[in-house]
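Here's a walk through one fold, aimed at someone who would rather look at contacts and angles than at a cartoon. Keep the viewer open while you read.

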Amino acid sequence: MKAITTVACKLQVDKNISAEIDETLFMFAAACEWVNANTPKDLTNKTKMQKLVYNQVREQFGLSANLAIQALRRVCSNRKTVKQKNRNLRKFSPTSATYDARIFSFRESDWSISIKLLKNRVKIPLHIGNYQRGILKGQDPKAATLVKRRNGDYYIHINLEHDVPDRFTTKKVLGCDLGRVDICHTSEGDKWDGQKLKAKRNHYAWLRLILQKKASSGTRSSRRRCRQLLQRLSGKEKRFQQHVNHVISRRLVDKAATNGQAIAIEDLTGIRERTNQKPRSKTERRHSNNWSFYMLRQFLTYKCVLKSVPLILVNPAYTSVSCHKCLHIGNRNGKSFRCINPECLNRCDPDYQGALNIAALGRSINTPGGSGLACRVSFGVREYIQLNLFADGCGLGGFPHEQPVQDGDNLGLLKTSSSSIRPAV
Ligand SMILES: [Zn+2]
């Protein structure tokens, strides 16, 4: 299997070249815009599009043969993406251009790249550190994207292909509960405390608030100073989040790879929309909205692919309020959980419990025949079996492998003959 990763390298660009890069990016975007306006809206086939407008693009925009092809490809792929995601196509801005092996090359001997601009093919030295050098060493990249960032710096995003072995199969699962109190808590007890992060995020929010106030009042020079500070601050919190997410995902994937485990996480798609429907305070919304679990999931996804670790997504419903010993839904209050089953009365950390439940769910997905998520509950002389809580995502569902006697009582439990009772997990 092949996996592609991207490494972003800063370019050392002098004034003459920067003008030519700007011109190239401008023409590339203009060509994309023109192609998008002058071809049938539903056309996404590269070959057909090339036949239709290739010559005109070359004449009108002065792009080299391969850059013109890349512009057509950009339009096709963007159209496909918006169709898939059901969005509108955005305007093409002059901030990036795609390169293939014919118009881009990388040289390790002096850490430089050579790319074709509008008129010339130029050699640009890379301004990179040991991290990027380590990744690029011995590589022969075939594609890249030239990027101009918002602050005016130029970067080349080099695509690297890796051969990765197929995902291994395993019955061992490392469950990870993602949350606000602990950013991540694993079924083996590792955790990343969210309190320090929360304090830092609160600090940033407070700082932004004050600076924004000052930037709209105060003297002229203090207003200018505040704007400058705000600008400097703008990327800082995001970089901090990225760093933390990289650290967490790296540790999880390394651990799973060494122990031969799969990783199971909750599928939190759409959780922000769902939780924001409930009436909540502004601070509360900020707390839950500005940790990027999606980013963490993306980091986990690509790191798992590179190490061939299976990544399993499970339904998050009830994972941290269900007792991991008997699967009853118990009382959760902040950082404490108490099981209400009189036979069990288990108390533990709800995040840790969530991670254990997620691991169990991950195992049941990974194991043919299920994990036997059922337990024995007795009330006097009658015996009940508590069935798979997660089967339909809400409370008590049917167990897929056996048919219980349909004789539910007012406790909401399903009665079953004692012979089919499975041992508790
Ligand atoms: Zn219990």
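## Starting from one leucine

Leaving out residues up to four places away in sequence, Leu-63 touches Met-27, Phe-28, Ala-31, Val-57, Arg-58, Ala-68 and Ala-71. Bear in mind that this is a predicted model.

Leu-63 is a good place to start, as it is one of the residues with the most contacts inside the largest nonpolar core, along with Phe-28, Ala-31 and Ala-71. That core holds 38 residues. Which element gives the largest share of it? Helix 1 does, with eight residues. Apart from this core lies another one, of 30 residues, with Leu-174, Leu-252, Val-309 and Leu-311 among them.

Zooming out for a moment, the protein has 11 helices and 18 strands. Of its 425 residues, 28% are buried. Take the contacts between residues at least 6 apart in sequence: 65% of them join residues at least 24 apart.

## Helix pairs

Three helix pairs are set out here.

| Helix pair | Axis distance | Crossing angle |
|---|---|---|
| Helix 1 (residues 15-38) and helix 2 (residues 46-61) | within 11 Å | roughly 140° |
| Helix 2 and helix 3 (residues 65-85) | within 10 Å | roughly 130° |
| Helix 7 (residues 236-259) and helix 10 (residues 293-307) | 9 Å | about 35° |

Let's take them in order. Helix 1 and helix 2 cross at roughly 140°, so they count as oblique to each other. Their crossing is right-handed. On the helix 1 side, the contact uses Met-27, Ala-30, Ala-31, Trp-34, Val-35 and Asn-38, and these meet Val-53, Val-57, Gln-60 and Phe-61 in helix 2. Sorted by class, that contact has eight nonpolar residues, two polar ones and no charged ones.

Helix 2 also packs on helix 3, and with an angle of roughly 130° this pair is therefore oblique as well. The crossing is again right-handed. Here Lys-46, Met-49, Gln-50, Tyr-54, Val-57 and Arg-58 of helix 2 meet Ala-65, Ala-68, Ile-69, Ala-71, Leu-72, Arg-73 and Cys-76 of helix 3. The split is nine nonpolar, one polar and three charged. Val-57 turns up in the contact with helix 1 and in the contact with helix 3, and it is also among the residues that Leu-63 touches.

The third pair sits further along the chain. Helix 7 and helix 10 pack at about 35°, and their crossing is right-handed too. From helix 7 the contact takes Gln-241, Gln-242, Asn-245, His-246, Ile-248, Ser-249, Arg-250, Leu-252, Val-253 and Ala-257, and from helix 10 Met-295, Leu-296, Phe-299, Leu-300, Lys-303, Cys-304 and Lys-307. By class this contact has nine nonpolar, five polar and three charged residues. Leu-252 from this contact is also one of the members of the 30-residue core.

Gln-241 has another link to look at. Its C-alpha atom is 9.5 Å from that of Arg-201, with the two positions 40 residues apart along the chain. Arg-201 belongs to helix 5 (residues 194-216). Is Arg-201 buried or partly exposed? Partly exposed, because it has 18 C-beta neighbours inside 10 Å, and a residue needs 20 or more to count as buried.

## Loops to check

What is the phi of Trp-111? Near 50°, a positive value in a residue that isn't glycine. For context, most residues other than glycine have a negative phi. Trp-111 lies in the loop between strand 3 (104-107) and strand 4 (112-116), and it counts as partly exposed because 16 C-beta neighbours fall inside 10 Å.

Leu-345 also has a positive phi near 50°. Its loop runs between strand 14 (336-338) and strand 15 (347-348). With 13 other C-beta atoms within 10 Å, Leu-345 is partly exposed.

Cys-323 sits in the loop between strand 12 (311-314) and strand 13 (331-333). Cys-323 counts as buried because 25 C-beta neighbours lie inside 10 Å. Neighbours within four places in sequence aside, Cys-323 is in contact with His-328, Gly-330, Cys-339, Asn-341, Cys-344 and Asn-346. The C-alpha atoms of Cys-323 and Cys-344 are 9.0 Å apart, and the two residues are 21 apart along the chain.

Note on methods: Residues are numbered from 1 along each chain as its sequence is written. This is a predicted model: local features need pLDDT of at least 70, side-chain atom pairs count only at pLDDT 80 or more; totals for chains, interfaces and linings use all residues. Axes are lines fitted to C-alpha atoms, for helices over the stretch in contact, and angles run from 0 to 180 degrees between N-to-C directions. Helices (H or I, at least four residues) and strands (E, at least two) are DSSP runs, numbered from the N terminus. Angles under 35 degrees count as roughly parallel, over 145 as roughly antiparallel, 65 to 115 as roughly perpendicular and the rest as oblique. A crossing is left-handed if the near helix is turned anticlockwise from the far one by less than a right angle, and right-handed if clockwise. Two residues are in contact if their C-beta atoms, placed from the backbone, lie within 7 Å. Ala, Val, Leu, Ile, Met, Phe, Trp, Tyr, Cys and Pro count as nonpolar, Asp, Glu, Lys and Arg as charged, and the others, Gly among them, as polar. A nonpolar core is a set of buried Ala, Val, Leu, Ile, Met, Phe, Trp, Tyr and Cys residues joined through C-beta atoms within 7 Å. A residue is buried if 20 or more other C-beta atoms lie within 10 Å of its own, exposed if 12 or fewer, and partly exposed in between; C-beta atoms are placed from the backbone.
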